[in-house]
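Student: Here is the structure we picked for today's session. Let's go through it together, one question at a time.

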Amino acid sequence: MTETKKPTGELTLRTLAMPADANAAGDIFGGWVMAQMDLASGIRAAERARGRVVTAAVKEMAFELPVKIGDTLNVYTEITRVGRTSIMLSVEAWAHRARHRILEKVTAATFIMVALDEDGKPTPVPAEE
């Protein structure tokens with residue numbers, strides 16, 4: 001792991017970047033990285049909401065470094081705010097480059113998830129236990 005930076009939040013998802021997820025130069029598609037971040041947000045928010053959630057918004061995302069084939073993508077999430085029906089998360093994606101034994105931050109964004117009831121309507125997020 002790099003000495004100057006460390007991930008913020010809880011490790012929520014780890015997955016391996018495969019050739020099918022890459023362009024011809026061997027860089028992983030940004031949309032794939034964003035999808036993994038969305039999955040991690042959904043996992044963490046659903047645990048907090050104790051039920052179904054959907055992505056309502058993603059705020060500003062810029063890629064600092066590429067993800068390469070063979071990297072393990074680690075996605076960290078931190079719940080930063082809970083509203084009546086929404087959950088805001090700070091999400092960071094880090095590439096573990098096994099051959100070089102380093103962990104580098106790839107991108108970060110804010111995800112806003114909304115809790116839904118059985119009919120797909122927004123529902124209040126329960127109080128923490």
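Tutor: We begin with a term: two residues are in contact when they have heavy atoms within 4.5 Å of each other. This is a predicted model, in which local features need pLDDT of at least 70 and side-chain atom pairs count only at pLDDT 80 or more, while totals for chains, interfaces and linings use all residues. Residues are numbered from 1 along each chain as its sequence is written, and side-chain values use heavy atoms, with hydrogens and water left out.

Student: Which residues does Arg-44 touch, not counting residues up to four places away in sequence?

Tutor: Let's place Arg-44 first: it lies in helix H1. Helices (H or I, at least four residues) and strands (E, at least two) are DSSP runs, numbered from the N terminus. Setting aside residues up to four places away in sequence, Arg-44 touches Glu-10, Thr-12, Thr-77, Glu-78, Ile-79 and Leu-89.

Student: Is Arg-44 buried or exposed?

Tutor: We need cut-offs here: buried means under 20% relative accessible area, exposed over 50%, and partly exposed in between (1.4 Å probe, protein chains only). Arg-44 has a relative accessible area of 16%, so it counts as buried.

Student: How far from a polar atom of the Arg-44 side chain does the backbone oxygen of Thr-77 lie?

Tutor: Thr-77 is among the residues that Arg-44 touches. The distance from the backbone oxygen of Thr-77 to a polar atom of the Arg-44 side chain is 2.5 Å.

Student: What does H1 reach from its first C-alpha to its last?

Tutor: H1 covers residues 30-49, which is 20 residues. The expected span of a helix is 1.5 Å times one less than its number of residues. For H1 that expectation is 28 Å, and the helix comes close to it, reaching 28 Å.

Student: Which strands do the buried residues of H1 pack against?

Tutor: The buried residues of H1 include Trp-32, Val-33, Met-37 and Arg-44. They pack against strand S1 (10-16), strand S2 (53-59), strand S3 (72-82), strand S4 (86-97) and strand S5 (102-115).

Student: Which element supplies the largest share of the largest nonpolar core?

Tutor: A nonpolar core is a set of buried Ala, Val, Leu, Ile, Met, Phe, Trp, Tyr and Cys residues joined through side-chain atoms within 4.5 Å. The largest one has 25 residues, and among those with the most contacts inside it are Val-33, Met-37 and Val-67. H1, S3, S4 and S5 each supply at least two residues of this core, and the largest share, six residues, comes from H1.

Student: How many bridges join S4 and S5?

Tutor: Two strands pair if DSSP finds at least two bridges between them. One example is Leu-89, whose bridge partner in S5 is Phe-111. S4 and S5 pair in the antiparallel sense, and their number of bridges is twelve.

Student: What is the phi of Arg-101?

Tutor: Most residues other than glycine have a negative phi. Arg-101 lies in the loop between S4 and S5, and it is exposed, with a relative accessible area of 71%. In the hairpin of S4 and S5, which has four residues between the strands, Arg-101 takes a positive phi near 55°.

Student: And where is Glu-60 placed?

Tutor: Glu-60 has a positive phi of about 20° although it is not a glycine. Glu-60 is exposed, with a relative accessible area of 76%. Its place is in the loop between S2 and S3.

Note on methods: Polar contact = N/O pair within 3.5 Å; in protein donor to acceptor, adjacent residues only side chain to side chain.
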